[in-house]
Structures are given as C-alpha cells and as structure tokens.
Amino acid sequence: MKAKQVFDKLIENWHIKAICFVIALFLYVIYQNQSVDSKVFSVPLTVESRNGYVSVAPHPRTVVVSARGKSEELAQVRESDLKAYLDLNYVYKDGTYDFPVLITLSDSASILNPLELKVTPEVVRLRVEEEVTSYIDIVPFISGNPVYGYGVKKVSVSPDQIAITGPKSMIENCEPLKTLNVTTNGAKRSYTVKTKVEQKGLFIKHDDIEVAVTVEIEEIEGSKQFTKLPVKIINLSPDLEIRAMTTDVTVTLNGSLAALENYKPPESFVTADVSHIASAGTFYIDLSYSLPKRYTLAEGYTKNIPITFTTKQKALPENPEEEKVTIVENAGNLEEKTEKQKYR
C-alpha cells in the first residue's frame with residue numbers, strides 16, 4: 001500500500017476518530033482521578049549536623065507533609081515512614097542560612113509507586129554557631145527549713161562539675177547548673193541524697209547523671225530566759241532563821257536552742273550557801289547556779305542577793321517544875337562523880 005493510500009485511510013472519517021480519542025482520554029483521566037487519593041501527615045522536624053555546627057534559635061518542631069498516590073498504596077503509608085530534617089552539614093562558619101526541609105521515606109514506603117509529596121514550610125531560616133564542649137560547676141538547690149533549733153551548716157555536691165555541649169556563645173555565658181530541689185524540711189541530722197541536674201534549655205546538652213548532695217545539719221546556738229527561779233538556802237545555822245530575802249531570780253542561758261526549748265531548771269538550780277553566817281543581820285549572799293555543761297549564763301545574771309537573818313528564839317519548857325528537878329538530879333550526879341574521882 002502506498003503512503004498516500006495509508007494517509008487517506010487514516011484521515012478517513014477523521015472527525016469521528018477525533019471524537020473517539022477525546023472520549024477515551026476523558027475516560028482515562030476520570031479513572032485516574034478516581035483511583036488517586038491524598039493524605040496529610042504531621043512529621044517531626046529534626047536537625048542533622050556532623051560538622052561541628054548547631055542551631056542557636058528555635059525551629060518548627062513539626063512540618064506538614066501532603067502525600068498523593070493510589071488509594072490502596074497510600075493507605076499503607078504511616079507517619080513513621082516519613083522523616084523530615086534540616087541538613088547543616090554543608091555549613092562551614094557562623095551565620096544565618098535558609099535550609100530546605102528534606103523528606104525521606106522508609107524502605108517499606110519507598111517500594112510503592114512514586115508518591116507526590118509536598119512539605120510545608122519548604123524552607124526554614126536558622127542561625128548556626130560552632131558547637132563546643134566545656135565543664136561547668138554544679139550547685140545544689142536547697143529549700144525548706146530544718147527542725148526548730150537546727151540549721152544548715154554546709155551543703156556539698158559530688159561530682160561538682162559536669163560536661164556541657166552547645167553553641168559557643170551559650171556555653172561561654174552559661175551559669176552554673178543547679179540540681180533538682182533538695183528539701184531540708186524536718187531535718188535535724190546530716191544526710192546525703194541522690195538527684196539529677198537541671199536541663200539548661202533546648203540547645204545546651206549534658207549527660208543525664210545522678211549527683212550526691214550532702215547536707216550538714218548543726219544545732220543553732222541561742223538563748224532563753226528563765227524567770228521566777230526559786231533560791232534554795234543551804235547550810236543555815238540552827239541558831240538562825242531567815243527573816244527576809246528575794247523569793248526568786250531571773251537568768252538567761254546560752255546554748256543549743258533545741259535543747260533549751262525543752263529544758264526546765266530543777267528546784268536546786270539556784271542555791272545560796274549561808275554556812276559562814278553566824279549572827280543576825282542583813283548580808284549579801286553569793287548565788288550558785290547548777291548549770292549543765294552544755295549551757296552558759298548570759299551576762300547580767302544575779303550574782304548575789306540580800307538576806308536578813310535573825311536569832312532563833314529558844315522554846316520554853318511546858319513544865320518549869322520538871323526542868324528544876326532535872327537540874328537538881330544532874331547536880332547530884334555531878335557530886336557523886338566528883339566523890340568517886342577522889343578515891344581513885
């Protein structure tokens with residue numbers, strides 16, 4: 001068949017053939033649209049850097065990924081099959097850069113027919129700096145109050161330093177890291193607890209280690225006043241009696257507040273020794289205090305008090321006649337003893 005005959009055959013009823021072609025194309029497009037579906041994922045956004053540079057500003061934590069494909073295949077795709085990241089590996093100096101958001105598929109999703117993927121946002125602007133590592137001090141974070149009468153003497157932490165990594169400017173200006181809270185509420189003796197170290201923002205990182213915080217508790221020294229303490233008289237002569245004296249005194253004791261809180265002076269706490277008084281009159285008598293070794297007297301305590309003594313009156317016998325008989329009998333016995341001594 002000649003070429004002209006073939007051409008004539010092709011264009012024969014060409015308008016009918018053209019209409020058929022358009023109808024077939026239309027049916028194909030309809031079929032394709034009916035078998036294609038779309039799905040939206042929220043994918044975590046990470047930053048990859050192996051060249052010693054890191055971001056110094058927050059970036060979106062997630063991005064939106066729209067996927068289009070055949071319904072039966074798109075149904076097999078999960079959020080975990082998608083990975084979104086910013087690649088900092090080509091950065092070589094500090095600065096601000098626009099990084100495209102890159103998307104990769106898992107092995108199971110990549111074997112499906114090609115999917116149409118679209119990410120929002122497509123570009124993220126970041127400021128990056130050199131990443132450095134340094135050691136920084138750890139300080140204990142203490143709160144609360146010990147039992148009354150006790151206080152915190154010293155707090156230490158071991159280890160007292162930790163290695164931190166992050167952007168150079170942040171590391172150079174980083175303040176000491178604190179431990180998590182350690183309470184002293186109700187404490188009255190030293191103790192050690194283990195705790196963690198605080199996280200310093202998003203960009204400074206350190207190992208999640210435990211540190212030992214030692215809290216040394218001591219008794220607090222203070223004072224307490226005691227009033228109306230009775231004075232106990234000792235070694236009073238049987239021939240004397242007290243006519244007038246101070247009935248009580250006031251003193252202030254220095255020592256452990258915790259111990260003073262419950263201390264009650266005994267009745268013999270304040271004594272006055274009057275053994276050297278042999279006659280009636282008014283005398284200033286030194287006072288003695290029976291102090292436990294853990295306490296001392298504050299300045300200004302009463303050192304002596306005036307006491308007035310009188311001579312004790314002898315009691316008269318109830319029957320004077322009996323007293324005379326006794327005297328006579330005693331005299332007779334004395335004479336008899338004298339006579340016996342003469343004859344020895």
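Me: Before we count anything, when do two strands pair?
Reply: Two strands pair if DSSP finds at least two bridges between them. Strands here are DSSP runs of E, at least two residues long, and helices are runs of H or I, at least four long, both numbered from the N terminus. This is a predicted model, where local features need pLDDT of at least 70, side-chain atom pairs count only at pLDDT 80 or more, and totals for chains, interfaces and linings use all residues. Residues are numbered from 1 along each chain as its sequence is written, and side-chain values use heavy atoms, leaving out hydrogens and water.

Me: OK, how many bridges pair strand 17 with strand 19?
Reply: Strand 17 covers residues 221-234 and strand 19 covers 248-256. One spot to look at is Leu229, whose bridge partner in strand 19 is Val249. The two strands pair in the antiparallel sense, and the bridge count is eight.

Me: And which residue in strand 20 stands opposite Ile234?
Reply: Strand 17 also joins strand 20, residues 270-273, this time running parallel over four bridges. Opposite Ile234 in strand 20 you'll find Asp273.

Me: Which strands stand at the edges of the open sheet 10-16-14?
Reply: That sheet has three strands with antiparallel pairing. Each edge strand has a single partner, so one side of it is left without a neighbour in the sheet; the edges are strand 10 (150-158) and strand 14 (191-196).

Me: What stands opposite Lys154 in strand 16?
Reply: Strand 10 runs antiparallel to strand 16 (residues 210-219), joined by eight bridges. Across from Lys154, in strand 16, is Glu216.
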